[in-house]
Every structure is written in structure tokens, then in C-alpha cells.
Amino acid sequence: MMVVKRLHEDGVNKKFSLIGTAILFVLVVGICTLLHPTTQKRDVTDGNQTTKRNEENDEPEENEKAKEKVIEDIVNKRELTSGDGDRTSGDMMNMTIGVILCHHLFISHVMWLSVVLLKFYYFLGSANRFMEHILQDESKVSYFTDVMSFVMLGGLVSSFIAGYTMDAMGKVFKGIMRTVIPLAVTSCLTILLSALAFISTPTALYVDFVVLTFLRSFVYSIHVQYIRIAFPMKYISMVYGMAVSISGILTMIQYGLFAWTEEYVGAMTHVNVFLLCASCISLFHPILVFFSYRRSRYTYIIKG
């Protein structure tokens with residue numbers, strides 16, 4: 001967005017800059033999709049040869065099916081016994097995708113993700129209006145907009161810290177328990193960002209930008225890791241897609257918040273109170289994950 005701003009200041013219409021940015025994103029997605037590695041075996045053909053499968057036609061079809069069954073059993077066993085799994089994931093192994101999407105750990109995570117992203121998107125969407133309200137100077141607003149862009153480039157560092165945090169938790173805890181502290185840290189960052197909205201000083205803006213950068217890194221890193229750890233690997237693509245899609249729909253509430261902000265004098269304060277309360281409620285998710293893990297471990301010990 002800093003590039004779009006610079007181009008606009010140089011006389012380039014924002015419409016063309018945003019269209020160019022959209023095309024760039026499409027190219028990146030297309031390249032990543034086409035170059036994505038596949039686990040499927042590719043058969044090599046020659047001018048005078050058929051596929052490898054035809055070359056090995058003497059192998060009985062029953063043996064091939066047996067091999068596939070063995071591989072599937074190994075994958076399922078690895079999910080059940082891996083350090084990344086836990087009793088909750090093991091219980092879900094025999095569940096259908098419909099039952100998993102109705103599971104309390106999935107619903108709770110979607111609500112958590114929606115609340116965190118709602119605060120994140122609302123801050124980005126209202127940052128300019130918020131800075132105008134505090135600074136009352138267009139030149140200062142432009143300066144702090146540049147500062148925010150530069151600080152968010154520090155996502156390279158904050159992403160490393162988020163990843164290291166998850167890795168460190170994996171050395172201390174097992175299963176879904178390793179996501180509890182990172183989830184709680186992300187919720188606390190959301191609460192901190194919401195609380196900083198009540199401090200109307202230019203100095204607080206620097207802190208806002210740093211917290212925002214860390215929040216972005218933590219929420220996306222932890223979201224992916226939670227889905228990978230909490231749910232069976234065979235459903236990970238569908239569970240991840242559903243979580244992102246549902247949270248994306250729910251975060252459209254931000255447009256209602258933008259309209260609410262302009263309704264009357266002092267509405268921005270009331271919106272910030274609402275977001276602060278919602279951010280505090282997001283702590284319910286890591287607490288639920290913690291007690292779900294404890295309950296599953298207790299049940300396993302009793303039955304064992």
C-alpha cells in the first residue's frame with residue numbers, strides 16, 4: 001500500500017495501481033499453484049514404450065491394492081501416534097467431515113479466528129481516520145502512514161518469532177496442548193491492540209504498529225498449526241478452507257462497524273469498547289482447548 005500511496009502522490013490513479021496489485025497477486029497464486037509439488041507418481045512414456053504400469057503388468061493387481069492399504073494404515077497410525085497428534089485427533093479419525101465441522105474445537109477456533117481478524121481488519125480499515133482524529137494534521141498522518149508500512153515490513157522478524165514460539169511449545173507440550181500458549185498470546189495481542197485504541201497520543205501509534213505486526217504473524221502462523229495438529233491430516237485441506245471461508249464471512253461485520261463509527265459523535269469509542277470486549281472473549285478458545293486436552297487425557301488414563 002505504501003507503493004500505491006507513492007504512485008498516487010506522483011499522479012498515478014489509485015485504480016490502476018490497485019488493478020496492478022491484483023494482477024500481481026493472481027500471478028503469484030498461479031505460479032505457486034502450478035509449481036506446487038505433487039505426491040502422485042508420474043509414469044514415464046517412450047516412443048516405443050508404454051507406461052511403467054504396463055511394464056510391470058506381471059505384478060498382480062491384488063498386490064498393488066494391498067500395498068495401498070498398507071500405506072494408508074501407516075499414515076493413519078502415524079497420525080494417531082505422532083507427537084503432533086493427541087487423543088482428540090485420534091477420536092476424530094473415524095468421524096466424517098460433517099461431524100468434525102460441528103465439533104466444539106472447530107467452532108471455537110472459527111469464532112476465535114473471526115474475532116482476531118475482525119480487530120486486525122478494522123484497525124487497517126480505520127487507521128487513516130483514527131490518525132486524523134489524533135493528529136489533526138494531514139502531513140503527520142502521511143508520515144505515520146509511512147511509518148506503519150515500514151514497521152509492518154518487520155513481519156519477517158515477527159513471523160520468525162511466531163514460528164519459534166510454536167517450535168518451543170512442541171518441545172515442552174504434546175498434542176493440541178502445544179497450541180494453548182500461542183493462542184493465548186495471540187488473544188492477548190488482540191486485547192492490547194484494542195486497549196491502545198483508547199490512548200489518543202502520537203507515541204501510542206508506534207506501539208500500535210508493532211503490536212499489529214506481531215498480531216498478523218501470530219494469527220496466521222498459529223491458525224495453520226492449530227488446524228494441522230487438532231484435526232486429521234486427511235481432512236486438513238477441507239477443514240482449513242472451511243475455517244478461512246467462514247471467518248471471512250463473519251469478519252464482514254467490519255463494514256457495519258465502519259458505518260457505526262460515522263453514525264454520531266463518540267461512536268468510535270463505543271466501537272472500540274465492543275472490540276475490546278470481543279477480544280477478551282477470544283481468550284475462551286485457548287481455555288477450552290486446555291480443558292479439552294486435560295479431559296481427553298483423563299479419560300484415556302481412566303479407560304487405560
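Which residues form one aromatic cluster? I looked this up first and found Phe-106, Tyr-226 and Phe-231. I note here that the model is predicted.

**Entry: helices α7 and α8**

I examined how α7, residues 104–135, lies against α8, residues 138–152. The two axes come within 9 Å and cross at roughly 140°. I therefore recorded α7 as oblique to α8, since an angle has to be over 145 degrees to count as roughly antiparallel. I entered the crossing of α7 and α8 as right-handed.

I then listed the residues through which the helices meet. From α7 I noted Phe-123, Leu-124, Ala-127, Asn-128, Met-131, Glu-132 and Leu-135. On the side of α8 I found Lys-140, Val-141, Phe-144, Thr-145, Met-148 and Met-152. I sorted the residues of this contact into 9 nonpolar, 2 polar and 2 charged.

**Entry: the loop between α7 and α8**

I looked next at Gln-136, which is found in the loop between α7 and α8. Its phi is near 55°. I marked this as a positive value in a residue other than glycine. Is Gln-136 buried or exposed? I recorded Gln-136 as exposed, because its relative accessible area is 63% and the cut-off for exposed is over 50%.

**Entry: aromatic pairs**

I searched the whole structure for aromatic pairs and obtained 10. I described each pair that I inspected by the distance of the centres and the angle of the planes.

One pair that I inspected is Tyr-143 with Phe-144. I read 5.2 Å centre to centre and 80° between the planes, and entered the pair as edge-to-face. I then compared the accessibility of the two residues. Phe-144 has a relative accessible area of 6% and is therefore buried. Tyr-143 stands at 44% and so counts as partly exposed. I add that Phe-144 also appears among the α8 residues that meet α7.

I turned to Phe-290 and Phe-291 as a further pair. What is the arrangement of the rings of Phe-290 and Phe-291? I found the centres 5.2 Å apart and the planes at 80°, so this pair is edge-to-face; the angle required is over 60 degrees. For accessibility, I entered Phe-290 as partly exposed, because its relative accessible area is 23%. I entered Phe-291 as exposed, because its value is 53%.

Key: Residues are numbered from 1 along each chain as its sequence is written. This is a predicted model: local features need pLDDT of at least 70, side-chain atom pairs count only at pLDDT 80 or more; totals for chains, interfaces and linings use all residues. Side-chain values use heavy atoms; hydrogens and water are left out. Axes are lines fitted to C-alpha atoms, for helices over the stretch in contact, and angles run from 0 to 180 degrees between N-to-C directions. Helices (H or I, at least four residues) and strands (E, at least two) are DSSP runs, numbered from the N terminus. Angles under 35 degrees count as roughly parallel, over 145 as roughly antiparallel, 65 to 115 as roughly perpendicular and the rest as oblique. A crossing is left-handed if the near helix is turned anticlockwise from the far one by less than a right angle, and right-handed if clockwise. Contact means heavy atoms within 4.5 Å. Ala, Val, Leu, Ile, Met, Phe, Trp, Tyr, Cys and Pro count as nonpolar, Asp, Glu, Lys and Arg as charged, and the others, Gly among them, as polar. Rings of Phe, Tyr and Trp (its six-membered ring) pair if their centres lie within 6.5 Å; planes under 30 degrees apart count as stacked, over 60 as edge-to-face and the rest as tilted. Buried means under 20% relative accessible area, exposed over 50%, partly exposed in between (1.4 Å probe, protein chains only).
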